[in-house]
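Here's a friendly walk through a protein you may not have met before. Have a look at the sequence and the 3D view, then read on.

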Amino acid sequence: MPPDKSCVELSFPDRMLAVVRKFAPDVERLDKVVRLSGGASQETWSLIAVRGSGPERMILRRAPAGVPVVEKISLETEAALMQAAERAGVPSPHVFHVITAEDNFGRGFFMSHVEGEALGRKIVRDEQFAAVRPKLARQAGEILARIHAIDPASVPALPRITPREEIETMFENYRRWSEPRPVFELAFRWARERMPDESAAPRLVHGDFRNGNMLITPQGVSAVLDWELAHIGDPMRDLGWICTASWRFSVIDKPVGGFGQREDLMAGYEAAGGGRVDPEVLKFWELIGSVRWGVMCMGMGHRARQSDRPVELSMIGRRTSENEIDLMRLLAPRG
């Protein structure tokens, strides 16, 4: 007789509690165990651990056992990066426990819950962040300097990506997903003619450092999230990505995340030991950010034509034109 699936589901909180007690043996029970993400494979859970000292909210990132998962980096590597970031003084959730095979609970890790807002449109507009917004660009620069100072040898092996490799991969995808578009043709030619020097030692790159992947409170940045695109490469890529127009949430006159100026970002980076930022290299990576997001939008549009749920994908695919506007602005001769 096949196992009763309802019994398997009912035992899930008990199995979770058993793992939690490995790193917090005084936990009496778990309350409000709620799945936050709706993905078919990777899961995010919120839970409250009730212990003698009081309730403590935690977060679980998990891939269930036996479920195939397409990962850019493994959950174990993601946890190791967060631990290294915390040691380096980067605002980060604390990783309590990385799930092992002996736990018989899939793969993933438990971490602390951090208060803060991640919705970019609220961060750039809500009154509660008005006082801190002018400080966020400099804070972002300081945080990136700490991330880039992490020794790559201290974390699990990550992909190494040169600027030329990234651009050629984007170009291949662009030609696969779209007919030639004059603005993108010009942008790729411009980028190839101005490739950054690759002689400098590559560093740890977050890969998706932007407004929307940080938790913000009225006091400042409380946590850096989403390390799934981390790699070894040009650190200026991170500075250019947070300046990309798509992450300004329509506050176009604030180039850094819709809340600050490039000068403050660069000053914070340099003051925290990140080294001098060449404004021309920063512009290169800002432009590549618009190319990257534009090509990703093309990919969504391409998928929409093959999907039985085309509306959502098409809505993102149409945003390719927004990136063309951003690219024309960046490519225009300066008066």
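## The overall build

With 335 residues, what radius of gyration does the protein have, and how does that sit with a compact globule? The protein comes out at 22 Å, and a compact globule with 335 residues would be near 20 Å, so the value agrees with that picture. Keep in mind as you go that this is a predicted model.

If you'd like a feel for the dimensions, the C-alpha trace spans about 70 × 50 × 40 Å along its principal axes. Within that space you'll find 11 helices and nine strands. The chain also brings distant parts of its sequence together: take the contacts with a separation of 6 or more, and 64% of them join residues 24 or more positions apart.

## Inside, outside and charge

How much of the protein is tucked away? Of its 335 residues, 50% count as buried. On the outside, the protein exposes about 16,600 Å², with carbon and sulfur atoms supplying 54% of that area.

As for charge, there are 45 positive side chains and 46 negative ones. The centres of these two sets lie 3 Å apart.

## Two cysteines on their own

Looking for disulfides? The count comes to zero. Cysteine 243 is in no disulfide, and the nearest cysteine sulfur to it, that of cysteine 297, is 19 Å away. A disulfide needs its two sulfur atoms within 2.5 Å, so the 19 Å gap rules this pair out.

Cysteine 297 tells the matching story: the nearest cysteine sulfur belongs to cysteine 243, at 19 Å, and cysteine 297 is in no disulfide. Are these cysteines buried or exposed? Cysteine 243 is buried, with a relative accessible area of 0%, and cysteine 297 is buried too, also at 0%.

## A covered helix

Cysteine 243 belongs to a stretch worth a look, helix α7, which runs over residues 236-243. How many of its eight residues are buried? Eight of the eight are, so by the under-20% cut-off for relative accessible area this helix is mostly covered. The buried residues in α7 are Met236, Arg237, Asp238, Leu239, Gly240, Trp241, Ile242 and Cys243. Notice that this list includes Arg237 and Asp238, whose residue types count as positive and negative respectively.

## Along and around helix α9

Helix α9 covers residues 279-304, and alanine 304 lies in it. Alanine 304 counts as buried, at 6% relative accessibility. What does alanine 304 touch once you set aside residues up to four places away in sequence? Its partners are Pro310, Leu313 and Ser314. Glycine 317 sits 13 residues from alanine 304 in sequence, and the two are 8.0 Å apart in space, C-alpha to C-alpha.

Methionine 296 has its place in α9 as well. At 38% relative accessibility, methionine 296 counts as partly exposed. Leu313, one of the contacts of alanine 304, turns up again here: methionine 296 and leucine 313 are 17 residues apart in sequence and 11 Å apart in space, C-alpha to C-alpha.

## Two more helix residues

Next, try glutamate 324, found in helix α11 (residues 320-331). Is glutamate 324 buried or exposed? It's buried, with a relative accessible area of 14%. Leaving aside neighbours within four places in sequence, glutamate 324 is in contact with Arg181, Val183 and Phe184.

Asparagine 173 is found in helix α5, which takes in residues 163-177. With a relative accessible area of 19%, asparagine 173 is buried, since the cut-off is under 20%. Asparagine 173 and aspartate 253 are 80 residues apart in sequence, and 31 Å apart in space from C-alpha to C-alpha.

## Two backbone oddities

Most residues other than glycine have a negative phi. So which residues here go the other way? One of them is lysine 32, with a positive phi near 50°. Lysine 32 has its place in strand β1 (residues 27-35), and at 64% relative accessibility it counts as exposed.

Serine 250 has a positive phi as well, near 75°. You'll find serine 250 in the loop between α7 and α8 (262-271). At 68% relative accessibility, serine 250 counts as exposed.

Notes:
Residues are numbered from 1 along each chain as its sequence is written. Side-chain values use heavy atoms; hydrogens and water are left out. Helices (H or I, at least four residues) and strands (E, at least two) are DSSP runs, numbered from the N terminus. The radius of gyration is taken over C-alpha atoms; the globule rule is 2.2 Å times the number of residues to the power 0.38. Buried means under 20% relative accessible area, exposed over 50%, partly exposed in between (1.4 Å probe, protein chains only). Contact means heavy atoms within 4.5 Å. Accessible areas come from the Shrake-Rupley method with a 1.4 Å probe; for residues, only the protein chains shown count as cover. The place of a charge is taken as NZ of Lys, CZ of Arg, CG of Asp or CD of Glu.
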